[in-house]
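Biologist: I'd like a close look at one part of this model, please. Pick a single spot, then walk me outwards from there, residue by residue, and tell me what each one is doing in the model.

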Amino acid sequence: MSNHNQRHHNTPYYKRTAPQIRRHAYNQPDYRCPHCHMTLTEMRTARPNNIAGWDAGHIVDGDETYGLRAECSYCNRANGARKRNQTKPVTSRNWGNS
């Protein structure tokens, strides 16, 4: 099964740039996620059960041509899941009414 998101995470640009972006955010304790506006310390306090860290997120979801930026893992992965779920075909059935 092919994962659409896996493809753009394997491009030379992403492989070269993503580690630099994550490293830059980790090296700045006052860096804030552009979505939730929390620092890494604030994220770990607010979401103790979530493994908080920095991801390299797309400025425009799924399109690396606009560049990447550091986003907290929680926001980045939630945005990615939301986008994937919006593009999935509807396959549910109404099981309650026969």
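Modeller: Let's start at the turn of the hairpin made by β1 and β2, where two residues sit between the strands and G62 has a positive phi near 75°. Keep in mind that this is a predicted model. The two arms of the hairpin are β1, covering residues 54-60, and β2, covering residues 63-72. They run antiparallel to each other and are paired over six bridges. If you want a handle on the register, put your cursor on H58, which stands opposite L68 in β2.

To place the hairpin in the whole chain, read the elements from the N terminus: α-α-α-β-β-α. That makes four helices and two strands. The chain has 98 residues, and 31% of them count as buried.

Now the outside of the hairpin. I59 belongs to β1, and it joins V60 and Y66 in a nonpolar patch on the surface. Together the three offer about 280 Å² of accessible area. I59 has a relative accessible area of 41%, so it counts as partly exposed. Over on β2 you will find T65. T65 has a relative accessibility of 68%, over the 50% cut-off, so it is classed as exposed. Follow T65 across to Y13: the two are 52 residues apart in sequence, yet their C-alpha atoms are 9.3 Å apart in space.

Next, go to W54, which lies in strand β1. How much of W54 can be reached from outside? Its relative accessibility is 3%, and because anything under 20% counts as buried, W54 falls in that class. W54 also takes part in the one aromatic pair that the structure holds. Its partner is Y31: the ring centres are 5.1 Å apart and the planes meet at 80°, which makes the pair edge-to-face because that angle is over 60 degrees. Y31 sits in the loop between α2 (12-26) and α3 (40-46), so the pair ties together parts of the chain that are 23 residues apart in sequence. Helix α2 itself also comes into the picture through P19. From P19 to W54 is 35 residues along the sequence and 10.0 Å in space, C-alpha to C-alpha. P19 is partly exposed, at 29% relative accessible area.

Since you work with charges at the bench, here is the ionic side of things. Side chains of opposite charge can pair when their charged atoms come close. This structure holds three salt bridges, and two of them involve the hairpin strands or their neighbours, as you will see below.

Take D55 in β1. Its side chain meets R77 in a salt bridge, 2.9 Å from N to O. R77 is in helix α4 (residues 73-87), so to speak on the far side of the sequence, and the pair links distant parts of the chain, 22 residues apart. The two ends differ in cover: D55 counts as buried at 10% relative accessibility, whereas R77 counts as exposed at 53%.

Then look at E71 and R69, whose side chains form another salt bridge at 3.1 Å, N to O. E71 is buried, with a relative accessible area of 2%, while R69 is partly exposed at 26%.

The remaining bridge takes you back to the loop between α2 and α3, where R32 sits. R32 pairs with E42 of helix α3, 10 residues away, and their closest N and O atoms are 2.7 Å apart. Both count as partly exposed, R32 at 40% relative accessibility and E42 at 31%.

One last stop is a charge against a ring: R47 lies over the face of Y74, at 4.0 Å from the ring centre.

Key: Residues are numbered from 1 along each chain as its sequence is written. This is a predicted model: local features need pLDDT of at least 70, side-chain atom pairs count only at pLDDT 80 or more; totals for chains, interfaces and linings use all residues. Side-chain values use heavy atoms; hydrogens and water are left out. Patches are made of residues with over 30% relative accessible area and no salt bridge: like charges are joined within 9 Å, nonpolar side chains (Val, Leu, Ile, Met, Phe, Trp, Tyr) within 5 Å. Accessible areas come from the Shrake-Rupley method with a 1.4 Å probe; for residues, only the protein chains shown count as cover. A salt bridge is a side-chain nitrogen of Lys or Arg within 4 Å of a carboxyl oxygen of Asp or Glu. Buried means under 20% relative accessible area, exposed over 50%, partly exposed in between (1.4 Å probe, protein chains only). Two strands pair if DSSP finds at least two bridges between them. Rings of Phe, Tyr and Trp (its six-membered ring) pair if their centres lie within 6.5 Å; planes under 30 degrees apart count as stacked, over 60 as edge-to-face and the rest as tilted. A charge sits over a ring if NZ of Lys or CZ of Arg is within 6 Å of the ring centre and within 35 degrees of the ring normal.
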